[in-house]
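Good morning, colleagues. Please take a moment to look at the sequence and the model before I begin.

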Amino acid sequence: MLNPEQYASTPVYDLLQAAARGHIGFDHRLLHAIVDRGEAAIPDLMKWGLVDHQEDPIDLEEDLIAIFRHLRTPETIPFYVHCIRLHPEDVPDDLVGALYEVRQQAVEPLIKLYGELEEDQGGEAAFILASFRIRDPRILEMLLDRLEYDAADGAICLGLYGDPAAKPALEKMLAEVDPAEQGIRRDIADAVEQLGRPVEEAPIEFDLWDEYPEKAGPHFELLDEADRIAMLGSNSAEVRAEALSSFVNRELSEPVRKRIFELAKSDPDAMVRANAWEALSDELDNSHIRNLMFERLSDRSAPVEERCGALIGLALQAGEADVRTFAEEFYQSTETRAKAMEAMWRSLDRSFAEYFPQHLDDADPETRRQAIWGVGYLGIYASAEKLTKFFEEDEYRADALFAYALSARHEISKARIRALYRKIEEQAGGLSEGEGELVQLALDERLTLHGHAPVFFPDAEPAALDAPVVAPAGPVKIGRNDACPCGSGKKYKKCCGAGSV
């Protein structure tokens, strides 16, 4: 298991392999370890990109395109051509942009590729060549052939290409097209008007660093228990802390429980200890774990982040007097308020309901997020409609959708739950595939909390009635290469995101 400190000394191919397996996340640290090597990184990048990696849980095609676009070297053109050959009718915009930056050298291989494709597959390749606006008789001939094959598609490409030599063919086609075909005639007429226009070279803005977060952890949802346990032994406290978070709300095997408890007691990093206590939240029947967790919570000399972790670990007992005292105390401080509110809603104790509505507009983003979850899980129906304003905010949309599904006033029965789903879909202005799965998960959870069997995922294991099922925190920004939120284990683009743009 690689730590970020090891990236710079690790071969690029090995870094890509770790990323494709979900062991490390694509972030600025990983990107610097690759692109800072300059041309020395290209052989490994090309070696990876030109080989089939269908068995890897994460497809790195988009990441390689971004890296190559940053490096701006013609050496990467064979990779671009390879990508088009794999999906000639669905070429991503990023790939088109990357090719444009090396367009002079890309003409020859793209013309060759076009000749290898079936006519019905060549539209994207022809469009890319037209967008280069490089005068070449072979390109003009190709586009004129496209005009004969598909008048609308060919006209659009010829208009984009802008060569006045295409005017006779376009006028001839316009005369031949049935007057009833107004759309096609309009495309051809527009193309004629564009011929001979001056080429306006607009600077292409692409910033690799804007495309990725500064830090991103491993894709723990793709890793098996053995891999996640191995990460608990990482030299990086950050990796250990993230690995521990992956065990929260999961049933722990005995070896895992022991290892996490060891870290909670003795890890040198306070955040690691805090996350360990959180991961032990379902182990409160073990008096030894519960007592030591409460001891850390009560220890005012302990780091505040560890005490907050212990409070979250004890959340299911937050309504009991000894724990409640600390939840209410932590709530009074802006430094610990968000964690206190998280413990309160995780308790499912509605006596905490008064704390949440007033913070839906809190200046602190994390406090605001916990207020949203509190309204949802504590079923604060009077404030549920206030959640709908967050449907328009990317940062909170996923949280609000899940919480609203849990708290919106509606008859909760197997017969009426789909009507509530449709209501939420309408209020949200439509739901993406991932968002739909998220809302359905919440509605099934709500059915379970009301004593009904789930409707949307009937084969899923029933949720425990004494603990919340927590959806992914933060906005749902599902990349085509991310794990599908439905839990299938497949990549999003090959599951619920199939056919999405």
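I shall go from the overall fold to the cores, and then to some individual residues.

Let me say at the outset that this is a predicted model. The protein chain contains 25 helices and zero strands. Taken along the principal axes, its C-alpha atoms fill a box of roughly 85 × 55 × 40 Å. There are 501 residues in the protein chain, and 51% of them count as buried. If we consider the contacts between residues at least 6 apart in sequence, 63% join residues at least 24 apart.

Turning to the surface, the protein chain exposes about 23,400 Å², and carbon and sulfur atoms supply 48% of that area. As for charge, there are 54 positive and 95 negative side chains. The centres of these two sets lie 3 Å apart.

Now to the interior. In soluble globular proteins, nonpolar side chains tend to be buried together. In this model, the largest nonpolar core has 83 residues. Which residues have the most contacts inside this core? They are Ile-260, Leu-280, Phe-356 and Leu-443. Helix α23, residues 397-407, gives the most to the core, with eight residues. A second core, separate from that one, has 73 residues, and includes Phe-26, Ile-67, Ile-128 and Ile-188.

I should like to stay with Leu-443 for a moment. Setting aside neighbours within four places in sequence, Leu-443 is in contact with Ala-405, Ile-417, Leu-420, Tyr-421, Ile-424 and Phe-456. Helix α24 spans residues 417-427, and its buried residues are Ile-417, Ala-419, Leu-420, Tyr-421 and Ile-424. Those buried residues pack against α23 and against α25, which covers 433-449. Just after α24 comes Gly-429, with a positive phi of about 70°.

Next, helix α3, residues 42-49. Its buried residues are Ile-42, Leu-45, Met-46, Trp-48 and Gly-49. Why do these residues lie on the same side of α3? Because they cover an arc of only 160° around the axis. The face turned away from the buried side carries Pro-43 and Lys-47, which are exposed. The cover over the buried residues of α3 includes α1 (12-20), α2 (28-35), α4 (61-71) and α5 (77-86).

I come now to backbone angles. Most residues other than glycine have a negative phi. Arg-133, although not a glycine, has a positive phi of about 55°. This residue, Arg-133, sits in the loop between α8 (123-132) and α9 (137-149). Its relative accessibility is 13%, so Arg-133 counts as buried. Asn-249 is another residue other than glycine with a positive phi, in this case near 65°. Asn-249 is found in the loop between α14 (237-245) and α15. Is Asn-249 buried or partly exposed? It is partly exposed, because its relative accessible area is 37%.

Helix α15 itself, residues 254-266, holds Arg-257. With a relative accessibility of 17%, Arg-257 counts as buried, since the cut-off for that class is under 20%. Beyond its neighbours within four places in sequence, Arg-257 is in contact with Leu-252, Leu-280, Glu-283 and Ile-289. Leu-280 has already been named among the residues with the most contacts inside the largest core.

A further charged residue, Glu-278, is placed in helix α16, residues 270-279. Glu-278 is buried as well, with a relative accessible area of 12%. Not counting residues up to four places away in sequence, Glu-278 touches Val-248, Gly-309, Ile-312, Gly-313 and Lys-339. Between Glu-278 and Leu-223, which are 55 residues apart along the chain, the C-alpha separation is 20 Å.

My last residue is Ser-407, which is found in helix α23. Its relative accessibility is 0%, so Ser-407 counts as buried. What is Ser-407 in contact with, leaving aside its neighbours within four places in sequence? The partners are Val-375, Gly-376, Gly-379, Ile-380, Tyr-381, Ala-384, Leu-387 and Arg-446. Ser-407 and Asn-235 are 172 residues apart in sequence, and their C-alpha atoms are 43 Å apart in space.

To close, the picture is of a predicted model with 25 helices and zero strands, a largest nonpolar core of 83 residues, and a second, separate core of 73 residues. Thank you for your attention.

Definitions and conventions
Residues numbered from 1 in each chain as written. Predicted model: local features only at pLDDT ≥ 70, side-chain atom pairs only at ≥ 80, totals over all residues. Heavy atoms only, no water. Helix = DSSP H or I, 4+ residues; strand = E, 2+ residues; numbered from the N terminus. Buried < 20%, exposed > 50% of the residue type's maximum accessible area, 1.4 Å probe, protein only. Contact = heavy atoms within 4.5 Å. Areas by Shrake-Rupley, 256 points an atom, 1.4 Å probe, with all protein chains shown as cover. Lys, Arg positive; Asp, Glu negative; His and termini not counted. Charge placed at Lys NZ, Arg CZ, Asp CG, Glu CD. Arc of directions from axis to C-beta. Core = buried A, V, L, I, M, F, W, Y, C linked by side-chain atoms within 4.5 Å.
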